[in-house]
Amino acid sequence: MKSFFSILFLLIPLAASAQIAPKTIWGVVKDSRNEAIPGATVSLLSASDSTLVQGEITNGKGKFELKNLANNQYTLRVSSIGSNDYRSGLLTIDDQHPVVSLPVIILTPSNTILNEVVVVAKRPLIEQDLDKTVVNVDAMVSSVGSNTLDVLEKTPGVTVGNDGEISLNGKAGVLVLIDGRPTYLSGPDLASYLKSLPGGSLDKIELMTNPPAKYDAAGTSIINIRLKKNRMQGFVGDISASYSQGVTARTNNVINVNFNRKKINLFGSLGYSRDADYADDSYNRILYNENSSINSSVVLQNNLTYTVPGIMTRLGMDYAVSSRTTYGFVVNYQNRSKQERLDYFSKNSTANPVLDSLGNGYTKGNFNWRNVGINANFQHKFNAEGRELTADVNYIIHQTTGDQRLTTMVSSADESFTNRRDFLYDLPSKIAIYTAKADYVHPFKNKAVVEAGFKSSFVTNDTDSRYYSVSGTTQTPDYGKSNHFIYRETIQAAYLNSRKEWKRMAAQLGFRLENTVVNGRQLGNAEVKETAFDIKYMRVFPTAFLRYKLDSLGNNTMTMSIARRINRPNYQLLNPFLFYRDAYSYTVGNPLLKPQYHFQYELKYQHKNNFGIALQYNHFTDVIFQTTQAIDGIFIISPNNVASGRILAMATNLTQSITKCWTLNANLTIAHMALNGVAYSEKLNPKIYHARMNLVNQLKFEKGWNGEITGFFVTKDLNGQRITDPRYRINLAVQKKVLKDKGSVRLLAEDLFHSWKQKDRTVSLKQADAFHTQATDTRRIGVAFSYRFGKETFARKRRHNDNAADAEKGRVD
């Protein structure tokens, strides 16, 4: 394997240098916000008499390339509407210097335009790249009044389940990164964390269905959430505040600041949010005898309410020791508390049906969650052509304290007899993560690049769940139900990635090698015997991209890609702890879970940024799903490797200006989904056709008014044993620019018809049927305000790379 990597590393530069390079001058043009300027005029002039030799217009990424030049001395002039012209120094083309690669050209705004116009251009909602789709959050009118999870729900291709599970193009198990760093959370905890992050702190969202080898192989795909970080000289920032009201009240508020002077760039954020919700769940469960006759039935009603106030802070600094070397650090702190109450009522009937018994009870929970993350990073540029070395180290700690009090009561049908039980859970948990990573980029002539790097991560998870029976004021430990679980994981990874561009073709090939060592230990007590497990495995994960331009301007492209990925079970799924939701529903972990593997193949056509269509085939092995079995009327939910699966999908995206004031962004995915396996001796082989559509209508009116109408529709969906009925939602937002266009006021309306209600049934249950409906606080109205302050002058040019904390994120409940 090592010799193969060495040969690959050598072949690419040799192939690139074997071609005769045309004499060329090329570069990139950007504005003072460090954004690419398309359509800028580039003029190459003879240095001797200033006559025009060649001219070109920059493409959508601000790039230009002047080819087939004669030996001579030249000067370059670049101009764009609203910007000051740029004039270069002397440029020499000869046999010793056949190619001139210019540093990034920055066009500063003209004084006239700055005095009259605050914003001269707006980024589109969606941009397409070779290996990712970029969603610019500022282009969403409703983003300021939302939290990050709400923004994700409105992002084309992204779906958020009621349990907080995030899917991309129908595939669950997505790896979610924040600025390239993991949160090390999954399921409800990840959802709660994203709810505590105000939408006003987001810059953009990167969607990667087939991530390159630079990224960790974990997850079926990657969603990278980029937070705001201004690179302007001086003191600048923005503030946003919002309030929304449904049955419950929510608020999202954040201030982002940036101070950039000479060699030092300071940036930070401070946010406060209050999330609140309710969930009304109805369950209808029918149990059968072996001859398929009805044995009994249970109708269960659960009513959950909760509030979660949270604070987030972020502070960072970049220090440019020289023009080529920069050191930096980032410190993050989040604190949130949660108060919840679940009330339930049940009716138990015999086969006749005759009412047999009544049940009721409640659960009260109080939790406090704290997260601290520290990152130190380094970047050194060896030259202006892009040869560079980056490195960073991370320390992250998640700490949870809290307790749950449960009361269950069961009475006879005539209420002549009642049995009451009281319980208490003490649920402390601590997760510590240490990571280190380094990446090296080496460009060659003729647009060839080789990247290599390594990463090391070490994770410990200590969960000490203590269970008590309560009688009055007396708390008696129940060692049979208590659990102390310690999990340790070490992952060592190395990758090699190569890219090469030709006139019309671009190729990228990468390999990532990951070695995983896992140790889990359930400590014993007076009643429970100590158990432990060890797992070791090493895998290679290839990725490949091939793009071809169907025309000379690159307006129409075809891209093929392939990737292999892994879904490691999150830490708490391996914990064999039994957790009670109510008297009829338990969850328990599984220490025997194996990783899930996934191959994706994709063929994609893209026309500019306007239209794209992709065919995808996904094959899964050892699929991890929460499976359900009914034992004596109790539904026990546990994760298992139950099946192989496949998804054949067609995904389309469309961005079109319908009229001068109406732009439509549409995303449609049609898929055939199938599983093949066994769940507790029952065949699990459902097959469904599935479709989901996102529509974002952006409207622009006169006098600073604009609006947004978004809609989402999904047909029948499949998630393990659960099949969900179709549903839809419609949202409205309107915005008015104020305070010389530096501020905005927005009115928001979410889920207008309260149609986002879930109805599902559980299949492949042995001798049982189960139906479920859920309604939550999705219909809301709100108001939001945002304001930009400070004077922006000049852009720094440091490129911020993803750091080491890249992989283990989505695996902590």
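Which strands each supply at least two residues of the lining of the second largest cavity? The notes below take up that point and several others; the model is predicted.

1. Second largest cavity, strands. The strands in question are β15 (181-182), β22 (325-350), β23 (355-381) and β24, each of which supplies at least two residues of the lining. Among these, β23 provides the largest share, four residues.

2. Second largest cavity, volume and residues. The structure holds seven cavities of 30 Å³ or more. The second largest cavity has a volume of about 210 Å³. It is lined by 18 residues, and R181, P182, Y193, N332 and N371 are the closest to its centre. By class, the lining is made of nine nonpolar, eight polar and one charged residues.

3. Second largest pocket. This pocket holds about 210 Å³ of space. Its lining counts 13 residues, of which T408, R421, F423, A583 and Y586 lie closest to the centre. At least two lining residues come from each of β24 (388-412), β25 (418-426) and β33 (578-582). The most come from β24, with four residues. The lining of the second largest pocket divides into eight nonpolar, two polar and three charged residues. Strand β24 thus appears in both accounts: it supplies at least two residues to the lining of the second largest cavity and four to that of the second largest pocket.

4. Largest nonpolar core. This core has 31 residues, and the ones with the most contacts inside it are L152, I166, L194, I205, I223 and I225. Two or more residues are given to this core by each of α3 (148-153), β12 (158-160), β13 (166-168), β14 (175-178), α4 (187-195), β16 (202-208) and β17 (222-227). Helix α4 gives the most, four residues. A second, separate core has 18 residues, including A40, F64, Y74 and L91. As background, nonpolar side chains in soluble globular proteins tend to be buried together.

5. Six-stranded sheet. An open sheet of six strands runs in the order β10-β11-β16-β17-β14-β15, with mixed pairing. Strands β10 (126-128) and β15 stand at the edges; each has a single partner strand, so one side of each is left without a neighbour in the sheet. The partnership of β10 with β11 (residues 133-136) is antiparallel and covers three bridges. Within this pair, E127 stands opposite V134 in β11. Two of the strands in this sheet also recur elsewhere: β15 in the lining of the second largest cavity, and β14 among the elements of the largest nonpolar core.

6. Strand β48 and its partners. Strand β48 (residues 780-790) pairs with β18 (residues 234-245) in the antiparallel sense over ten bridges. Here Q245 has I781 in β48 as its bridge partner. Strand β45 (residues 743-750) also pairs with β48 in the antiparallel sense, over eight bridges. In that pairing, the bridge partner of S744 is S786 in β48.

7. V53. This residue sits in strand β3 (residues 52-57). V53 counts as partly exposed because its relative accessibility is 40%, a value between the 20% and 50% cut-offs. Leaving aside residues up to four places away in sequence, V53 touches L44, L45, S46 and Y74. One of these contacts, Y74, is also a member of the second, separate core of 18 residues. V53 and L69 are 16 residues apart in sequence, and their C-alpha atoms are 8.9 Å apart in space.

How values were computed: Residues are numbered from 1 along each chain as its sequence is written. This is a predicted model: local features need pLDDT of at least 70, side-chain atom pairs count only at pLDDT 80 or more; totals for chains, interfaces and linings use all residues. Side-chain values use heavy atoms; hydrogens and water are left out. On a 1 Å grid over the protein atoms alone, a cavity is a set of points where a 1.4 Å probe fits but cannot get out, and a pocket is an open set with protein on both sides within 12 Å along at least five of seven lines; lining residues have an atom within 4 Å of a point. Grid points are joined across faces, edges and corners, and a volume is the space filled by probe spheres set on the points. Ala, Val, Leu, Ile, Met, Phe, Trp, Tyr, Cys and Pro count as nonpolar, Asp, Glu, Lys and Arg as charged, and the others, Gly among them, as polar. Buried means under 20% relative accessible area, exposed over 50%, partly exposed in between (1.4 Å probe, protein chains only). Contact means heavy atoms within 4.5 Å. Two strands pair if DSSP finds at least two bridges between them. A nonpolar core is a set of buried Ala, Val, Leu, Ile, Met, Phe, Trp, Tyr and Cys residues joined through side-chain atoms within 4.5 Å.
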